[in-house]
Amino acid sequence: MFGAMFLKECGQVVKSLTYYIYVVVFVLFMTSQMSSEDLENLQEPLPGQPYYGETVTKDETLIMEGTLAKLMQDVWRNSFATYPLGFYKGITLTDSEKKQAEEILARCTGKSYETLEEEMKRHFGQYDQVSPEETMAASASYKVSVKEGFTYAEFQTAMEEICRLVGKGSSYEKTEYENEVYVPMTYEQAKEEFDALCSQDGFTRAYMRLFCDYAGIMLAILPVFVGVSRALRDRRAKVQQVIFSKPASGALIIGSRYLANLVMVGIPVIVTAFLLQQPYYYKAKTFGIQGDLLAFLKVPCLWLLPEIMIVLALAFLITEFTDTIAAVFVQTAWGIGGLFAGDTLVGNFGLKLVTRWNTLGQSMYYASLKNELLRNKGFYCLLAGVCLILTILVYERKRRKGGSLIWKNI
Amino acid sequence: MDISIEIKGLTKNYGKKKALSEVSLSIGPGMFGLLGPNGAGKTTLMKVLTALVEKNGGEVTVCGVPVEDSRQIRNMTGYLPQDFSMYGNMNAYEALDYLALLSGMNRAERKVKVPEMLEKVNLREKQKTKVRSMSGGMKRRLGIAQAIIHDPKVIIVDEPTAGLDPEERVRFRNLLCEIAKDRIVLLSTHIVGDIEATCENIAVLNQGKICFDGKLTKLLSLVEGKVYSAEIAAVELEKVKQKYMVTGILTTGSTANIKIIADDKPFPQARQVQPDVEDAYMYLMHREEGKR
Amino acid sequence: MEKYIKLTVSFIKRQYYPHLLLTILFAVCSGGFVSFKGLGDTQAAKAMEMYVAFAGILLFVPLFMPEQDKDIWDLERSKGMPMWKVYLPRLLLASVCCLSVIALFLGIMVNGGGTFHAFLLFRGACCEIFFLGSIGYFTSAVTNQAVIGYMLAVIYFAVNLGGAKYLGNFALFQMMRGEYGTWMYWLLAAAALFAAGVALRERLAVRNR
């Protein structure tokens with residue numbers, strides 16, 4: 001019974017205009033973003049090259065410069081992104097707290113806050129502020145140097161003071177700032193990275209992570225439109241009453257709809273991933289490596305499936321509960337807000353909806369973050385399950401009440 | 001199996017508004033008509049019977065099963081809502097197949113039943129027509145097909161003939177009579193003609209209360225000897241209307257042929273005529289109004 | 001005149017007020033995401049183009065909501081009054097609301113002691129935000145589905161984050177790059193889309209509903 005319903009619901013998805021727009025936009029976006037440049041640049045590092053990419057540094061001076069630069073921007077905007085429970089929470093300091101933060105900055109650098117402000121404006125004036133990538137680049141190259149004789153221990157104390165001002169989960173905790181500052185790699189480091197890329201990731205898995213980075217942005221928003229149009233269609237077509245009166249259970253009706261939408265949204269993702277993966281699979285062969293042919297299934301299922309699940313489940317829940325398109329607003333705010341609030345393009349997953357990995361490789365760093373990623377994805381799978389159960393309960397309740405839960409039924 | 005609907009002291013409120021108050025009815029096999037003006041509570045009563053609305057008080061059982069057991073109730077009942085529609089992008093066959101699936105029928109059953117039902121409601125040739133391009137009558141016929149496809153013991157149809165042309169209406173009534181063998185067909189309407197042609201037993205609902213329950217002949221007996229027809233001058237019409245209940249007017253030139261209900265002979269030229277259901281219904285409504 | 005005011009008031013009461021409330025909520029919440037103090041040209045343009053721009057989507061897309069119910073639409077069409085006379089007052093209403101929102105944010109930024117060029121920003125923002133709104137307006141007009149209107153407007157916004165180079169003079173976020181000259185393209189496109197939305201709706205949407 002469930003299988004037959006599932007197939008019928010797939011047919012419903014295929015007949016909706018929203019779905020076609022989703023497929024076209026997704027495929028165009030992915031094929032235009034995933035350029036072949038990465039493929040051509042993928043070479044085994046040789047000694048004596050001018051540039052080998054970047055890596056996280058453990059150099060204390062660089063850590064201090066990078067962290068103070070971030071602090072300077074946050075203090076100037078008076079807006080601190082914190083993730084106390086994994087979710088974003090913006091912090092604004094009071095005037096006296098902001099004064100304290102400015103004094104801490106002055107203490108570390110030996111310059112007045114006003115001077116620092118001047119220097120910062122001059123730096124950012126040189127960059128285009130539109131694309132998130134450019135903004136990140138401007139931030140990445142911005143440094144604030146410490147005053148002479150300032151020790152790392154003093155710096156740590158200063159950061160603890162900042163943490164007391166802004167609360168838990170900011171970028172000024174030791175575990176955070178020691179993993180966030182990037183520097184160019186040496187040949188040895190680059191070689192080690194490349195070996196890991198070959199042995200651990202077999203090329204294709206690393207490439208699929210990059211794919212998931214871009215796809216994740218789109219999938220934080222697009223599926224909501226598909227889900228909302230399906231959930232609203234009963235009301236629009238005035239078939240609610242007749243379906244309510246049938247013996248089929250709410251779990252069957254909602255469950256088959258949800259699964260059909262999930263599968264139909266997933267299909268273009270998997271197909272695009274497979275097609276884009278193939279050149280990398282063959283490139284791996286030229287290096288004498290057996291690439292992972294199934295990476296196009298494994299990696300998107302881990303990175304993207306939980307995301308699509310929660311976006312669709314929330315769309316179903318909000319739409320069934322309110323009988324409006326409110327889910328569109330909620331999801332757009334969550335998706336785009338999360339994208340803008342993102343503090344890094346690689347790692348730092350927390351409980352963010354969109355987990356980013358905007359790099360081809362860094363396999364060793366990824367291995368160290370794998371558990372954090374699994375926690376994130378597990379959490380969203382669970383949350384999607386809860387939302388789905390709530391949707392079924394709401395649906396059954398509506399059935400007994402004769403229609404909407406919040407609007408007047410006649 | 002006991003084929004009956006028993007309703008005792010049923011009450012339903014929407015907020016402060018009383019939609020049904022202390023309704024009691026006993027319905028047996030065959031066609032049963034539920035008559036009443038718009039807003040009388042007919043739709044609410046039908047929704048209670050199909051477990052689409054929770055009651056506030058009283059007891060309701062369908063074929064011995066209390067309405068609280070919604071799963072069982074939905075298995076036993078077929079419901080055609082007042083404004084039945086289906087997804088516009090499905091054709092007649094797909095729509096019926098979809099709803100049959102929701103009624104719990106497996107693939108093999110559907111393969112036999114869906115064409116059979118389409119045939120029965122005369123949609124077999126139009127089975128590829130999309131719901132969005134169907135006429136009101138076609139939609140209604142599709143609606144009745146989905147209500148009976150799983151062979152329910154009780155069929156509940158809400159205002160099925162509203163908006164149909166006379167020919168379609170007659171066909172629809174006949175169809176209902178045909179399927180009413182060995183089961184209950186509960187038909188709600190505010191169109192008296194539908195009831196007259198099809199139902200032996202009826203109930204009249206007004207302001208959420210039952211004001212009549214019994215055989216059609218009993219309803220007619222209420223106005224026995226009280227219906228008169230007369231020819232009067234057209235200019236007199238307003239005056240007569242204020243004084244008596246007028247149930248029919250046919251104006252020709254300066255004279256008007258009228259039908260009125262009155263306890264005694266209203267004027268000398270008036271002559272007694274056979275009452276019809278419409279007269280009885282009007283009389284009943286008028287009497288109810290007088291009570292309030 | 002009175003008839004149009006009545007129609008519009010009834011539209012607000014029955015359909016539009018949740019969207020107005022949402023826009024107000026959107027404005028009230030802005031403090032949590034965007035800073036309005038001491039902004040330079042780039043930052044002021046960023047706040048306008050990346051945040052306030054959503055007001056255009058919120059206000060212009062839901063203008064055809066009542067007619068999503070086919071029966072209501074048929075009833076209105078049967079009244080003899082040309083439908084554009086029903087749609088136009090709504091469009092004016094949304095335009096006035098949108099202008100007020102833009103002016104409100106501009107006021108807050110000026111008050112915050114910014115160093116940006118207020119007139120250039122206002123002119124550009126109005127054209128750009130109307131343009132973004134008109135994309136959703138046009139789409140929901142011809143598909144008769146507000147969901148698709150929101151979808152395309154949001155997609156257009158998102159595409160501009162990475163792919164502005166493909167869109168030439170119709171790209172968003174130009175003022176953040178210091179380019180204030182494309183307002184005319186936005187204005188023309190918005191006007192064309194609003195007009196086409198009203199004109200084509202009765203022809204296209206009736207057929208495909």
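A salt bridge here is a side-chain nitrogen of Lys or Arg within 4 Å of a carboxyl oxygen of Asp or Glu. Keep that handy, as you'll use it at two interfaces. One more thing before you start clicking: this is a predicted model.

**Stop 1: chain B on its own**

Show chain B and hide the rest for now. Its C-alpha atoms fill a box of roughly 70 × 45 × 35 Å along the principal axes. Colour by secondary structure and you should find ten helices and 14 strands. Of the 292 residues in chain B, 55% count as buried. Take the contacts in this chain with a separation of 6 or more: 67% of them come from residues 24 or more positions apart.

**Stop 2: helix α1 of chain B**

Select residues 42-49 of chain B. Is this helix enclosed or open? Largely enclosed by the rest of the structure, because seven of its eight residues are buried. Show the side chains of the buried ones: B:Lys42, B:Thr44, B:Leu45, B:Met46, B:Lys47, B:Val48 and B:Leu49. Two lysines are on that list, B:Lys42 and B:Lys47. Then step past the end of the helix to B:Ala51, where phi is positive, near 60 degrees.

**Stop 3: a hairpin in chain B**

Next, select residues 201-206 and 209-215 of chain B. These are strands β9 and β10, which run antiparallel and are joined by six bridges. Zoom in where the chain turns. B:Asn206 has B:Lys209 in β10(B) as its bridge partner, and the hairpin has two residues between the strands. Click on B:Gln207 in this hairpin, which takes a positive phi near 50 degrees.

**Stop 4: a four-stranded sheet in chain B**

Stay in chain B and move along to the open sheet with the order β12-β13-β11-β14, where the pairing is antiparallel. Which strands are at the edges? β12 (245-252) and β14 (271-272), each of which pairs on one side only. For the inside of the sheet, pick β11 (227-233) and β13 (255-261): seven bridges join this antiparallel pair. One place to look is B:Glu231, whose bridge partner in β13(B) is B:Asn257. While you have the side chains on, remember that in a regular strand they alternate between the two faces of the sheet.

**Stop 5: where chain B meets chain A**

Bring chain A back. Here 33 residues of chain B are in contact with 32 residues of chain A. The two chains bury about 2900 Å² between them, with 56% of it on carbon and sulfur atoms. On the chain B side, select B:Arg74, B:Tyr87 and B:Leu102, which lose the most area to chain A and together make up 25% of what that side buries.

Now for the polar side of things. Between chain B and chain A there are four salt bridges. One to put a distance label on is A:Lys8 with B:Asp97, whose closest N and O atoms are 2.7 Å apart. The count of residue pairs in polar contact, with both at pLDDT 80 or more, is 13.

Which helices of chain B should you colour here? α2 (70-76) and α3 (92-102), since each supplies at least two residues of the side that touches chain A. α3(B) gives the most, with six residues. Taken as a whole, that side of chain B divides into 16 nonpolar, eight polar and nine charged residues.

**Stop 6: a buried arginine**

Select A:Arg230, which lies in helix α12 of chain A. Is A:Arg230 buried or exposed? Buried, with a relative accessible area of 2%. Leaving aside neighbours within four places in sequence, A:Arg230 is in contact with A:Glu9, A:Gln12, A:Arg257 and A:Asn261, as well as B:Tyr87 and B:Tyr98 from chain B. You've met B:Tyr87 already, among the residues that lose the most area to chain A.

**Stop 7: where chain A meets chain C**

Finally, hide chain B and show chain C. Contact here takes in 30 residues of chain A and 33 residues of chain C. About 2600 Å² is buried between the two, 75% of it on carbon and sulfur atoms. How many salt bridges are there between chain A and chain C? One: A:Lys238 with C:Asp69, the closest N and O atoms being 3.4 Å apart. Two residue pairs are in polar contact, counting pairs with both at pLDDT 80 or more.

To paint the chain A side, colour α2 (17-33), α4 (60-77), α7 (132-141), α12 (222-236) and α17 (326-341), each of which supplies at least two residues of the side that touches chain C. That side divides into 19 nonpolar, seven polar and four charged residues.

Conventions: Residues numbered from 1 in each chain as written. Chains lettered and ligands numbered in written order. Heavy atoms only, no water. Contact = heavy atoms within 4.5 Å. Buried area = accessible area lost by both parts, 1.4 Å probe. Polar contact = N/O pair within 3.5 Å; in protein donor to acceptor, adjacent residues only side chain to side chain. Nonpolar A, V, L, I, M, F, W, Y, C, P; charged D, E, K, R; others polar. Pairing = 2+ DSSP bridges. Buried < 20%, exposed > 50% of the residue type's maximum accessible area, 1.4 Å probe, protein only.
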